[in-house]
Every structure is written in structure tokens, then in C-alpha cells.
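Work through the exercises below with the model open. Try each task before you read its solution.

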Amino acid sequence: MKVKTILVSQPEPKMENSPYARLIDKEKVKVDFRPFIHVEGVDAKEVRQQKIDLKNYTAIILTSRNAVNHYFRLAEEMRFKVPDTMKYFCQSEAVAYYLQKYVVYRKRKIYVGKMNFIDMVPMFKKYKGETFLLPSSDSLKPVVPETLDKLGVNWTRGIFYRTVISDLSDLRDVYYDILVFFSPSGIESLLKNFPDFEQNDTRIAVFGNSTVTAATDAGLRIDIKAPTPDTPSMTMALRKYITEANKK
């Protein structure tokens, strides 16, 4: 069956010439964006109930932009002036670059991983004497605590924000040829919003092994997967599928 409409379960990219814009232009398809999940911050009272005092930490582990935003939001809410001596351990260059929104980059001690959390191990080993705070959501990939505990570093997890399922009730009678998911939470949101969802001819596209597992466990048929050696990005996987489907 031909593909004419796609729903991506994420916010619309802010950049003008995004890969999705090129996909729309080249394949002549309609692409809508709608976050299936969103993030809500916890308040200072709840952080204190977790027995977290921001002044007790000499280093912050930042795995995402959300972690950056909510750490500094809570620091302000708790009237904690982040010291210039604070060390920042960022999982990727994108997170480190985003940190500039809050600190003068060149004047801070910032250590950057390549992409995956496991890539940060050499840095943690080098600075094992620090007292680390990990701002996170209510869901955390098992590799994070497993890695830190194995290294024997002094670390504390703080739940600073939560992943919440968005209300999608206005989409109940709207049909798309392809639904695109990037996380198990997106799959969970689909099933919570539409418990009677029947896939029928709807194609499901998923990114990442954990999303594949969630979709499979939910009994969904997966038609498009990324990343693969041939299609390292979701837009490449979509383009390959659409090119084939729309030829018929």
C-alpha cells in the first residue's frame, strides 16, 4: 500500500531544512508531528524528600538536555548558587553544547563523552573522588546505575522530572499510513490513549532496540526499523520504505 501520511511521535524539528523537510519534498508525503509523551518537572519539596541537598555534590552527570534544564531550574528554585568549581560530565557533545545556555562554557570544568553512557567510564575512573549527582527522570536506563555501581563511584540519583503520557484523544478518528516511535514510552502512550487500537494497514516504524521490544511485546507488527547499517537514521529508513511502497 502506498504511503501518503506519516505521524511522528515527537515535537516538530525547529530547523528549517530538517531531514523530515527533505523527506516531504522528495517523497511528496504529509508528515505531522505530535509528542506522545512530555516532561514535567518535580518541585523543590519533592527533591528535598529525596534527601538531596545540592550543595553536597562536586560533580553533575548530565545525560540529556532535560537533565540540564531541570537541574538549573531546581537550583534556582532552591536558591542554590551553582559554584564555578562544579564539574559537569556530559554524555554527548550535544548535551555539553546545550549546557552553554546556563554556564560560561570556557570557564567551567566540562568533560564530554562520545555518545553512549558507557563511553564516560574513563572519565569517571579519572575523577573517582568526586561526589556525583545524576539528575534524571523517573525512568532510567539500567546501564546507568549498573555502570556507576560497578565503578564504585560515590553517586546519587535525583528524580528531577517525569515522563508523562500526553492526551491524544483528538487523534482518535484520524488515520495515518505510518506511525513513527522513538521510545517504549511512545508505544505505552499509544496503548494508553487507544486501548482498542487495531493496527490493520497502519505501518509501524520504530527506532532503537528498546522500542522494538516494546512494540513487539505490545503485539504490534513492525514494518520499518532503524538504525540499521543501510539506514542509520529514521528518515533514511522511511525514505527507503516509501520509495519501495509508492513504486507499486
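**Exercise 1. Burial and surface**

Task: State what share of the residues of the chain count as buried, and how much area the chain exposes.

Solution: This is a predicted model. Start with the length: the chain has 248 residues. Of these, 43% count as buried. Now turn to the surface. The chain exposes about 14,100 Å². Carbon and sulfur atoms supply 50% of that area.

**Exercise 2. Overall build**

Task: Describe the chain by its helices and strands, its box and its contacts.

Solution: Count the elements. There are nine helices and 12 strands. Next, take the box along the principal axes: the C-alpha atoms fill roughly 60 × 35 × 35 Å. Last, look at contacts between residues at least 6 apart in sequence. Of these, 68% join residues at least 24 apart.

**Exercise 3. Charges**

Task: Find how many positive and negative side chains the chain has, and how far apart the centres of the two sets lie.

Solution: Count each set. The chain has 39 positive side chains and 30 negative ones. Then compare the centres of the two sets: they lie 7 Å apart.

**Exercise 4. Two helices**

Task: Decide whether α1 is roughly parallel or roughly antiparallel to α9.

Solution: Two packed helices are described by the angle between their axes and the distance between the axes. Locate the pair: α1 covers residues 19-27, and α9 covers residues 234-245. Their axes come within 10 Å and cross at roughly 10°. Angles under 35 degrees count as roughly parallel, so α1 is roughly parallel to α9. Now list the residues that meet. From α1 come Pro19, Tyr20, Arg22, Leu23, Lys26 and Glu27. From α9 come Met234, Thr235, Leu238, Arg239, Ile242 and Thr243.

**Exercise 5. Backbone exceptions**

Task: Find the phi values of Lys28 and Asn200, and say whether each residue is buried or exposed. Then describe the peptide bond that joins Ala226 and Pro227.

Solution: Most residues other than glycine have a negative phi, and most peptide bonds are trans. Take Lys28. It lies in the loop between α1 and β2 (30-33). Its phi is near 55°, a positive value. Its relative accessible area is 64%. Exposed means over 50%, so Lys28 is exposed.

Take Asn200 next. It sits in the loop between α7 (184-193) and β11 (203-207). Phi of Asn200 is near 45°, again positive. With a relative accessible area of 55%, Asn200 is exposed too.

Finish with the peptide bond. Ala226 and Pro227 are joined by a cis bond, with omega about -5°. Pro227 lies in the loop between β12 (222-226) and α9.

Key. Residues numbered from 1 in each chain as written. Predicted model: local features only at pLDDT ≥ 70, side-chain atom pairs only at ≥ 80, totals over all residues. Heavy atoms only, no water. Helix = DSSP H or I, 4+ residues; strand = E, 2+ residues; numbered from the N terminus. Buried < 20%, exposed > 50% of the residue type's maximum accessible area, 1.4 Å probe, protein only. Contact = heavy atoms within 4.5 Å. Areas by Shrake-Rupley, 256 points an atom, 1.4 Å probe, with all protein chains shown as cover. Lys, Arg positive; Asp, Glu negative; His and termini not counted. Charge placed at Lys NZ, Arg CZ, Asp CG, Glu CD. Axes fitted to C-alpha atoms, helices over the stretch in contact; angles between N-to-C directions. Parallel < 35°, antiparallel > 145°, perpendicular 65-115°, else oblique.
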